[in-house]
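Student: I have a new structure to look at and would like to learn how to read it. Could you walk me through it, feature by feature?

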2 protein chains.
Amino acid sequence: MQVKLEDIIQSIYFLPQEVLDDVLGNFKHLEYPKNHFLLKPGKPCKHIWFMTKGAVRYYYTNEQGKEMNTWFSMDRQVIADTSSLVKKEPSEESIQLLEDSEMYAIEYTSLQTLIQKHHAFSLWYIKLVELYYIAQIEDRLTDLQFLDAKQRYQKLLSLYPDITNRISLGNIASYLNISQETLSRIRAGKI
Amino acid sequence: MQVKLEDIIQSIYFLPQEVLDDVLGNFKHLEYPKNHFLLKPGKPCKHIWFMTKGAVRYYYTNEQGKEMNTWFSMDRQVIADTSSLVKKEPSEESIQLLEDSEMYAIEYTSLQTLIQKHHAFSLWYIKLVELYYIAQIEDRLTDLQFLDAKQRYQKLLSLYPDITNRISLGNIASYLNISQETLSRIRAGKI
DNA sequence: ACCATTTTTTGATTTACATCAAAAGTATTC
DNA sequence: GAATACTTTTGATGTAAATCAAAAAATGGT
């Protein structure tokens, strides 16, 4: 049962048919296997991906070569390195599939052309940015500021109840910025 | 020597004269004394402020009643609780002046009208959001994830070299999420 | 200039979590 | 189905920074 691109687009902000038709032609449907990289450090992020199925992790590699996860996105979510995207600078992070995944992609340059061309589409993009980028990044920020590891784990669980079946303890511990031993103890209720 | 609103606006994204004229009429010039609140928790954030002079802190009050600073903005910066603004939900944070300050303000509802009315202004707002909101929030996020207290302090100092003369140690320690004793020891080079 | 208040510094103690080390459990391959 | 390689759990120890307590320094008001 395939999610329709048209529905994803119209659910963000309604576009008149004429604009929608032009927009749809700029998206590609893509399928990639587990472990595929959507983005590698040093490369600028040139796409926005609308996932329809699968899971990804965002991560940085620090000076000691340790991979540090910063976020997971699963199923119906918008994927991009927004910082690299809008600054047009090389990415510092990797985006890697954790499962075989399906998605629609649009190039940022196409998007720029479309917002110049269609007033309605510029309003659509504002909604996307406000609702997806800002709302999500702000949530992550307040989590990081105010919640301890245990609370952040519980919040992650409430966001993705099946995450323990889909993402390894090590990957989750890396996201929580705690050792996997500590996460194991949290799970066992010993903390 | 007053910063001109027109220059602030045009530096973000160039607007044709006709649009600029309409836009300028929607801004108010404001002056407030030290300790004034631009925003209090429970109230939705309804404005975007363009500071021209002064300093503010953003902070949350946690369950124990402790105030936790999340950000400082000084002089020429854009101020808003972007999360409350775009979600149109009550704010969870306070924005308080730390110095007598001057700024221009626009209501979010006026801004919405203007982006519907002028295609050029919707493109202006996209630039504002991309360059100010996203770039800044992403920077804060990566700082929080990867830098320890000392590194975050040094980064804050490089961003605002005169911050120690303008903002108290306690306020800065709260932002760094460390005790003020620890910040004092960092300053003394004992850490 | 002096007193009151606030801010910053210093020292002693406690604590949460990292790290180290190893065992137990689970998955993958031949 | 034994062998090998991951993943997760458990236990012991170390450490950075919080907390507690109090002194010192700076700031503000009269």
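**Reading the protein and its DNA**

Tutor: Gladly! Let's begin with one contact: the side chain of B:Ser179 has an N or O atom 3.1 Å from a phosphate oxygen of DNA strand D. Keep in mind that this is a predicted model.

Student: Which other side chain has an N or O atom beside a phosphate oxygen of DNA strand D, and at what distance?

Tutor: That is B:Thr182, with an N or O atom of its side chain 2.4 Å from a phosphate oxygen of the strand. The backbone can take part too: in A:Leu169, a backbone N or O atom lies 3.0 Å from a phosphate oxygen of DNA strand D.

Student: How many residues surround DNA strand D, and which are the closest?

Tutor: There are 16 residues around DNA strand D, and the closest are A:Leu169, A:Ser184, A:Arg185, A:Lys190 and B:Thr182. Of the atoms of DNA strand D that come within 4 Å of the protein, 53% belong to sugar and phosphate.

Student: What classes of residue make up the surface near DNA strand D?

Tutor: Seven are polar, five charged and four nonpolar. You can also sort the surface by element: α8 (169-176) and α9 (180-187) of chain A, along with α9 (180-187) of chain B, each supply at least two residues. The element that gives the most is α9(A), with four residues.

Student: And DNA strand C? Which residues come nearest to it?

Tutor: Around DNA strand C there are 15 residues, of which A:Ile178, A:Thr182, B:Leu169, B:Ser184 and B:Lys190 come nearest. Sugar and phosphate again make up 53% of the atoms of DNA strand C within 4 Å of the protein.

Student: Which polar contacts should I look for there?

Tutor: Start with two phosphate contacts. The side chain of A:Ser179 places an N or O atom 3.1 Å from a phosphate oxygen of DNA strand C, and for the side chain of A:Thr182 the distance to a phosphate oxygen is 2.4 Å. A base is involved as well: an N or O atom in the side chain of A:Arg185 is 3.3 Å from a base oxygen of DNA strand C. Two or more residues of this surface come from each of α9 of chain A, α8 (169-176) of chain B and α9 of chain B.

Student: Which element gives the largest share near DNA strand C?

Tutor: It is α9(B), with four residues. By class, this surface has three nonpolar, seven polar and five charged residues.

Student: How is chain A related to chain B?

Tutor: Chain A is superposed on chain B by a rotation of 180° with 0.0 Å of shift along the axis, at an RMSD of 0.1 Å. That is the relation of a two-fold axis. To find the axis in chain A, look for A:His119, whose C-alpha is the nearest to it at 2.6 Å. The copies meet through the same surface, because 100% of the interface residues of chain A are also interface residues in chain B.

Student: Finally, how do I read a sheet?

Tutor: Strands in a sheet pair through backbone hydrogen bonds, in a parallel or an antiparallel way. In chain B, four strands form an open sheet in the order β2-β7-β4-β5, with antiparallel pairing. At its edges stand β2 (37-39) and β5 (67-74) of chain B, each with a single partner strand, so one side of each has no neighbour in the sheet. From one strand to the next, the twist averages 25°.

Student: Where can I see one pairing up close?

Tutor: Try β2(B) and β7 (residues 94-97) of chain B, which pair in the antiparallel sense over two bridges. There, B:Phe37 stands opposite B:Gln96 of β7(B).

Key:
Residues are numbered from 1 along each chain as its sequence is written. Chains are lettered from A and ligands numbered from 1 in the order in which they are written. This is a predicted model: local features need pLDDT of at least 70, side-chain atom pairs count only at pLDDT 80 or more; totals for chains, interfaces and linings use all residues. Side-chain values use heavy atoms; hydrogens and water are left out. Copies are superposed by least squares on the C-alpha atoms of residues with pLDDT of at least 70 in both. Contact means heavy atoms within 4.5 Å. A residue is near a molecule or strand if one of its heavy atoms lies within 4 Å of it. A polar contact is a pair of N or O atoms within 3.5 Å; within protein, one must be able to donate a hydrogen and the other to accept it, and residues adjacent in sequence count only if both atoms are side-chain atoms. Ala, Val, Leu, Ile, Met, Phe, Trp, Tyr, Cys and Pro count as nonpolar, Asp, Glu, Lys and Arg as charged, and the others, Gly among them, as polar. Two strands pair if DSSP finds at least two bridges between them. Axes are lines fitted to C-alpha atoms, for helices over the stretch in contact, and angles run from 0 to 180 degrees between N-to-C directions.
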